[in-house]
Amino acid sequence: MANTDAFPAMRCRMEYVCLGCGARYPADSLLYTCPLCGDVFLLENLDFAALKERPAASWRALFDNRAGSRATALRGVFRYYELMAPLLDEEDIVYLGEGATPVIEAAPALRAGVGLPFAYKNDGQNPSASFKDRGMACAFSYLKWLCRRNNWDEVLTVCASTGDTSASAALYAAYVGAPLKSVVLLPGGKVTPQQLSQPLGSGATVLELPGVFDDCMKVVEHLAENYRVALLNSKNSWRILGQESYAYETAQWYNWDVADLCLFVPVGNAGNITAIMSGFLKLRELGVITSLPRLFGVQSEHADPVYRYYAASPETRQWRPVRVRPSVAQAAMIGNPVSFPRVRALAARYISLGGEKAFQVVQVKEQQIMDAMLLANRHGHIACTQGGECLAGLQNALALGIIGRNERALLDATAHSLKFAGFQELYFTDGFGPEYGVTPDKTLANRPEALLCEEDRATLDDEAYTRRAARAMAARLRLSAK
Ligand code: F0G
C-alpha cells in the first residue's frame, strides 16, 4: 500500500503561455497579462509528456489513495498536486479545508419534477462559502513560494470582486499573515451584506467604488500594471490551476467515468468555466478519463456576453462586452469577463475532442433563477442564486431539447445560499424593483409568525408561559391531543 502522506518528490517546469501571441514566460515571477500583446495567460507544465508515461490506472489509484491522506498539504485541492502546480514545496501549501466538496443527489421529489437525474456539487461548503477558495489555495501557496524565494517583506494582494473573490482572498491573506496584506475593491452596494462582512471580519482593507464590477476590475488592472501589487483576480493564472480541482474531484466522484454527465456552470468573469474545461482536458490527455463530460455555461439575460457570442453562427461570431443590468445572480453580473479569451481557446479544443454538443451556453431569465433557487432549497439543497441559475439552465436545456432525459446532470452550487439570503427576502416580500423583472409566486413566501407577545413573557411565570405557548402552537398547527 502506497504511503498516502508522502509529499511528491517530483517537480516540473512551468511557463506562462500567452493566448494572444503565444509568447512564453518563466513561472517564477508573477505575471497577469502578456507584456508584448496584453492578452491573458494559461500556465503550462513543460513536463506534461512525462506525466503521460504513467498509466492512467496508476494515476487513478494515486488520487484515490490520497483521498484518505492525513498530510495537511495533500488534503485539499493539492490532492492533485502533479496536475496543478508541481513546482511548489510542501511548506508553501496553504490548506484551509477547501475542496472535496460533497455531491448531493437531487431530492427525489425535485428530481421527479425536473425530469432527469441530477445532483448539486456544493462548492458553497468551502471555507469562505464559495468555490473561489480552490483558486485562492493555489494562488496563495504560489505567493508563499515566491515570497520565500525573493525574501519579500511586504506584499499587498488586491482584487476587484462581486463579493466572493474578496471574501476568499481576505481569508487566505489573514491566515498566512505577514508578509501578505489584503486589499479588496468592491462595487458599492452591489455585494451582499454577508459577503461584505467577510473581508471586514478577516481584517482586510475594504475599498468601495460607485459602479459595477467591470469598473472595479479596470481599476485593479491599472493598479497591477503600474504598481507593485499582487493581483488575485482570475487574471492570475494560478487561480485557474486551483479551480481545475473541481473537474478532478468530479471525475473522481463518478469513478473516473463522466461520459454521460452534463455539467452546468454559472459564468461571470469566466474563470470557473475556464478552469473546469482545462481540468477535464488534462484528465483526458492523461487517459484518466476516456471521454469528456458535456459542459453547459449558464448566463442571465441581464449579463450574457458569452451566451451571445456562442449563440451567433461560427462565421458571424464577434466578441462584444455587454452593459450589465441588475441581476439576482449578482456574483456573476459581469459584462466583460476577463477570461473570455481563455474560454474561446479551450472551448475550441473541448469541441474538437468532444464534438459540437460538448460545450454550450444557455441563457436564463431572472425570474427563472429565483424560482429555481427557491425550488432547490425547498427540497433540502443550499443553492445560492448562481446555483439557482444552474438549475434554471438545466430546465431550459431540457425544454430546448439540447439535453436528453437519459442523461444526468451535475450543477455547480458555487456559493452557500446564506450569502444570498437578501434575494430570498426580496422574493418573499415582493420587494424586487422593476429592473429585475421578478414577480414572486406568493405561495412560496415564507414568514416567521409570532405566537405570543412580549407582555405574555413579562407577566407570566415560566410554567404558565410554557403552557400558554404550547397551547398557541398546538392551535396554530391544529394538533389533536393524544
Ligand atoms: N458564482 C459565484 C457565487 C461567484 O462568486 C462567481 C464569481 C461566479 C459564480 C462566476 O464565476 O467569475 O469564474 O465565471 N464571482 C467573482 C467574484 C467575479 O468577484 O467573487 P466566474
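Trp152 is placed in the loop between helix H5 (132–150) and strand E6 (155–160). In this predicted model, Trp152 is partly exposed, with a relative accessible area of 29%. Trp152 and Ala178 are separated by 26 residues in sequence, and their C-alpha atoms are 9.8 Å apart in space. Ala178 in turn precedes a cis peptide bond. The ligand sits in the largest cavity, with 19 residues surrounding it.

**Helix H5 and the loop after it**

- Arg148 belongs to helix H5, the helix that comes before the loop holding Trp152.
- Arg148 counts as partly exposed, at 36% relative accessibility.
- Between the C-alpha atoms of Arg148 and Asp92 the separation is 8.7 Å, although the two residues are 56 residues apart along the chain.
- Trp152 is also partly exposed, because its relative accessible area of 29% falls between the 20% limit for buried and the 50% limit for exposed.

**The cis peptide bond**

- The peptide bond running from Ala178 to Pro179 is cis, and its omega is near 5°.
- Pro179 is located in the loop between H6 and strand E7 (180–187).
- Helix H6, which spans residues 164–176, supplies at least two residues of the shell around the ligand.
- Ala178, on the other side of the cis bond from Pro179, has its C-alpha 9.8 Å from that of Trp152.

**Ligand site**

- Among the 19 residues that surround the ligand, the closest are Asp164, Thr165, Asn269, Ala270 and Thr414.
- By class, this shell holds seven nonpolar, 10 polar and two charged residues.
- Helix H6 (164–176) and helix H11 (271–286) each contribute at least two residues to the shell.
- The side chain of Asp164 places an N or O atom 2.6 Å from an oxygen atom of the ligand.
- At Asn269 it is a backbone N or O atom that lies 2.7 Å from an oxygen atom of the ligand.
- A polar backbone atom of Thr162 is 2.8 Å from a ligand oxygen atom.
- The ligand taken alone exposes 470 Å², and the protein buries 99% of that area.
- The cavity in which the ligand sits is the largest one.

**Residues with positive phi**

- Ala270, one of the residues closest to the ligand, has a phi near 75°, a positive value in a residue other than glycine.
- The loop between E10 and H11 contains Ala270.
- Ala270 counts as buried because its relative accessibility is 3%, and the limit for buried is under 20%.
- Trp256 also has a positive phi, near 65°, and is likewise a residue other than glycine.
- Trp256 lies in the loop between H10 and strand E10 (261–266).
- With 7% relative accessibility, Trp256 counts as buried.

**Helix H10 and a buried polar contact**

- Glu249 is part of helix H10, which covers residues 245–253.
- Glu249 is buried, since its relative accessible area is 6% and buried means under 20%.
- The side chain of Glu249 makes a polar contact with the side chain of Lys121, at 2.8 Å.
- Helix H10 comes before the loop that holds Trp256.

**Strand E11**

- Strand E11 consists of residues 294–300 and includes Val298.
- Phe296 is found in strand E11 too.
- Val298 is buried, with a relative accessible area of 0%.
- Phe296 is buried, and its relative accessible area is 0%.
- From Val298 to Glu389 the C-alpha distance is 6.8 Å in space, with their positions 91 residues apart in sequence.
- From Phe296 to Cys262 the C-alpha distance is 7.1 Å, and the two residues are 34 residues apart along the chain.
- Cys262 falls within the range of strand E10 (261–266).

Terms used: Residues are numbered from 1 along each chain as its sequence is written. This is a predicted model: local features need pLDDT of at least 70, side-chain atom pairs count only at pLDDT 80 or more; totals for chains, interfaces and linings use all residues. Side-chain values use heavy atoms; hydrogens and water are left out. A residue is near a molecule or strand if one of its heavy atoms lies within 4 Å of it. A polar contact is a pair of N or O atoms within 3.5 Å; within protein, one must be able to donate a hydrogen and the other to accept it, and residues adjacent in sequence count only if both atoms are side-chain atoms. Accessible areas come from the Shrake-Rupley method with a 1.4 Å probe; for residues, only the protein chains shown count as cover. On a 1 Å grid over the protein atoms alone, a cavity is a set of points where a 1.4 Å probe fits but cannot get out, and a pocket is an open set with protein on both sides within 12 Å along at least five of seven lines; lining residues have an atom within 4 Å of a point. A molecule sits in a cavity or pocket if more than half of its atoms lie within 2 Å of its grid points. Helices (H or I, at least four residues) and strands (E, at least two) are DSSP runs, numbered from the N terminus. Ala, Val, Leu, Ile, Met, Phe, Trp, Tyr, Cys and Pro count as nonpolar, Asp, Glu, Lys and Arg as charged, and the others, Gly among them, as polar. Buried means under 20% relative accessible area, exposed over 50%, partly exposed in between (1.4 Å probe, protein chains only).
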